[in-house]
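Reader: Hey, I'd like a close look at just one part of this protein. Could you pick one side chain, tell me what sits around it, and then work outwards from there?

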Amino acid sequence: MPFAIGGNQLDTGYNVNNSLRFNNDDSARLSRSQTNGNQDKWTWSVWVKRGNISSNQCFFATSNGSTTSFDAKFKSSDAIEIYNYYGGGFDSQLITNRLFRDVSAWYHIVVVYDSGNATESDRLQIYINGTEETSFSTTNYPSLNADSDLNVSGSTLDIGRQQNGAQFFDGYMSEINFIDGQALAPTDFGETNDNGVWIPKAYEGTYGTNGFFLEFQDSGNLGDDTSGNTNDFTATNLTATDVTTDTPTNNFCTMNPLAIGAD
């Protein structure tokens, strides 16, 4: 199976100062009770650096505690899986053929949900480092105007875990943007520099009712939404020491578990 190699981001005019470290052994996560918003159109953008591989790890997921959820995760195979489990069954599901095993680099992941789109393959899209994923081992796009479990009152949004099955994320996250009511392109959050490397840029648009921006600038309030909406999150098993300066524009060196030597 092929696997994707993330790029090392270079310093530019837009610098990302902080990331938040999630340790799956600590069951770390950020959580927020959702309120009603646009279930049919939204965009999620996040930069992630994996700390551990070969296990199911959600970077975000929703759940009403029983039969409904929207999950975005790394599978134990290291493929990315996105699915909407709504009303007791899978309404949509994409699993990439590519594998994401590079623990030394930052991946920019954009998930776009737009179930009102007349083009079936544009109703659920995944972009990695600015490029759309088009090769999937499982392909099931949302039905026309199908509701997602995002922006649903009574359902919890978790960053770093799946409420029903744990699946805690292990690694770093940075620059988390959620845009309620818009289907955006990855170029709203990133760009290619002169060296051909995909790098972050500042998002300059609006966020919608339930939108938020998490940049982890306040170590005393890790779930602080700085979009202006004050859609803050509650941190569990995360402390000020989990705020780091390993970011997409200041990438720290990392040992690679796929390159094992005698020592």
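Author: Let's start with a pair of side chains: those of S148 and W42 make a polar contact, at 3.0 Å. This is a predicted model, by the way, so treat it as one. The side chain of S148 has another polar neighbour too: one of its polar atoms lies 2.7 Å from the backbone oxygen of Q39.

Where does S148 sit in the chain? Look in the loop between β13 and β14. And is S148 buried or exposed? With a relative accessible area of 0%, S148 is buried, because anything under 20% counts as that. As for what it touches, leaving out residues up to four places away in sequence, you'll find Q39, D40, W42, F70, N84, Y86 and Y113.

Now follow W42 outwards. W42 stands opposite D180, which is in β15. That takes us to the pairing of β4 (residues 41–50) with β15: the two run antiparallel and are joined by 8 bridges. β15 itself covers residues 171–180, and it's mostly covered, with 10 of its 10 residues buried.

β4 isn't the end of the story for β15. Strand β2 (residues 19–22) pairs with β15 in the antiparallel sense, over 3 bridges. If you want a spot to click on there, R21 has Y172 in β15 as its bridge partner. Then there's strand β18 (residues 212–214), which also pairs with β15 in the antiparallel sense, through 3 bridges. Here, I176 stands opposite L214 in β18.

Back to the loop that holds S148, and the strands on either side of it, β13 and β14. Both of these strands belong to an open sheet of 8 strands with antiparallel pairing, in the order β13-β8-β7-β6-β5-β14-β3-β19. What happens at the edges of this sheet? β13 (136–140) and β19 (234–236) stand there with a single partner strand each, so one side of each is left without a neighbour in the sheet. On average, neighbouring strands of this sheet are turned by 15 degrees against each other, if you ignore direction.

β14 (residues 156–159) has β5 (residues 57–63) beside it, and 3 bridges join these two antiparallel strands. To find that pairing on your screen, look for T62, which stands opposite L157 in β14.

So there's your walk: from the contact between S148 and W42, through β4 to β15, and back to the sheet that includes β13 and β14.

How values were computed: Residues are numbered from 1 along each chain as its sequence is written. This is a predicted model: local features need pLDDT of at least 70, side-chain atom pairs count only at pLDDT 80 or more; totals for chains, interfaces and linings use all residues. Side-chain values use heavy atoms; hydrogens and water are left out. Two strands pair if DSSP finds at least two bridges between them. Helices (H or I, at least four residues) and strands (E, at least two) are DSSP runs, numbered from the N terminus. Axes are lines fitted to C-alpha atoms, for helices over the stretch in contact, and angles run from 0 to 180 degrees between N-to-C directions. Buried means under 20% relative accessible area, exposed over 50%, partly exposed in between (1.4 Å probe, protein chains only). A polar contact is a pair of N or O atoms within 3.5 Å; within protein, one must be able to donate a hydrogen and the other to accept it, and residues adjacent in sequence count only if both atoms are side-chain atoms. Contact means heavy atoms within 4.5 Å.
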